[in-house]
Amino acid sequence: MHRKKLAAAIIAGAAAITLAACSGGPGEAEQNKTTFRVAFNQTEQHPHYKAAVEFGKKLEKATDGRYGVEVFANETLGGQSEVVQQVSDGTVEMLYVGAPIMETFNQDFIVFNLPYVFDSQEAQAAVLYDEEIIGELWSSIEESKHITVLTALHSGTRNVYANKVINTPADMAGLKIRVQQSDSQVAMIGLMGGSASPMNFGEVYTALQSRVIDGAENNETVYNAVKHDEVARVYNYTKHLMLPDYLLMSTRALDAMSEADRAAFLDLIPELAEEADKGFVEFVAESRARSEAIGATFNEDVDVAAFKAAVEPLTKQSINNPVRQKLYDAVQKANATHPAK
Ligand code: GCU
């Protein structure tokens, strides 16, 4: 993977330099430790948060204390659509981002954001962890946007929730549903029968509570963790999306590391992904149980085939160039090897 070499001086302003204030004769590394900020919009209980904290500990060890991370949960560094720009500018070093946001930088990312595109978590992993398949797409934004995609992560299956049982696209009529900010997500909800309202994650609870929107769509962990289950009481298994999250890094910050430190950093990424993915499945089950305990309903009677048929035009019109076709074909191959259980 080619990465532009940039002078370390440019980076000095971008990364947070923590000067150790300890008086006991700190070593060189302690005096000049670089702490990468990781922006995250979910809670500290989320497996992605825990995996990043663990990664930071290992990184400190592997670089003799020259590098570490600080993870900022609950959108404290800002909404993803703004922070992604800061990663591009180099003013925030790392970010977990929902896949649809990536369409802003390169629309070919849309392939993995299409409804019902992956048949199973295994199929998704087979595609997203295969450098041969995703390598070019990911490096497409390094030179132009100074963003390095470090890894993708499984982030569950997304379903529609509202104060209403939804079994068919007709049940979505008149419902305003929050989506992430991208054209694919807006088009998808339209085809599913509702109308889309794109907004940052942190605004969703209040929008639901004040009835500015009628519902949202997300995985079970989000539904419970940020109390959407209090204000939208029915979680309907439309199963329309299996969207990954990406862990992004400012390419400039990565380039500013010594070759050995960068190698140590990159070596730890697969472990982070593995840990995050492992924790996720369990987190889904626990979250659902907690939502049920406060009286939220989980509707399994959704006519998924009807929703699938409704969104088909989006897939057809989105796979419209050779790059996307190749990615889409790779997904189909993975689906054949790893069908839905
Ligand atoms: C999930 C996903 C986030 C995303 C969020 C959202 O939590 O993991 O990356 O931002 O959904 O819907 O905004």
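Sorted by class, the residues lining the largest cavity come out as 8 nonpolar, 13 polar and 4 charged. This is a predicted model, and its largest cavity has a volume of about 270 Å³. In total, 25 residues line that space, with Asn41, Gln42, Gln80, Gln180 and Asp245 lying nearest its centre. As for secondary structure, helix 4 (80-89) and strand 4 (94-98) each put at least two residues into the lining of the largest cavity.

The largest cavity is also the space that the ligand takes up. Around the ligand sit 13 residues, and Asn41, Arg158, Arg178, Asn218 and Asp245 come nearest. That shell splits into 3 nonpolar, 7 polar and 3 charged residues. Some of the polar contacts can be spelled out. A polar side-chain atom of Arg178 lies 2.7 Å from a ligand oxygen, and Arg158 likewise places a polar side-chain atom 2.9 Å from an oxygen atom of the ligand. For Gln80, an N or O atom in the side chain is 3.0 Å from a ligand oxygen. On its own the ligand would expose 310 Å², and the protein buries 96% of that.

The count of cavities of 30 Å³ or more comes to 2. The second largest holds about 40 Å³ of space. Its lining runs through Ala39, Phe40 and Asn41, then Phe72, then Glu75, Thr76, Leu77, Gly78, Gly79 and Gln80, and ends with Leu95 and Tyr96. By class, that makes 6 nonpolar, 5 polar and 1 charged. Asn41 and Gln80 turn up in this lining and are also among the residues nearest the centre of the largest cavity.

Key: Residues numbered from 1 in each chain as written. Predicted model: local features only at pLDDT ≥ 70, side-chain atom pairs only at ≥ 80, totals over all residues. Heavy atoms only, no water. 1 Å grid on protein atoms, 1.4 Å probe; cavity = no way out; pocket = protein on both sides within 12 Å on 5 of 7 lines; lining within 4 Å. Points joined across faces, edges and corners; volume = space filled by probe spheres on them. Helix = DSSP H or I, 4+ residues; strand = E, 2+ residues; numbered from the N terminus. Nonpolar A, V, L, I, M, F, W, Y, C, P; charged D, E, K, R; others polar. Near = heavy atom within 4 Å. Polar contact = N/O pair within 3.5 Å; in protein donor to acceptor, adjacent residues only side chain to side chain. Areas by Shrake-Rupley, 256 points an atom, 1.4 Å probe, with all protein chains shown as cover. Sits in = over half its atoms within 2 Å of the grid points.
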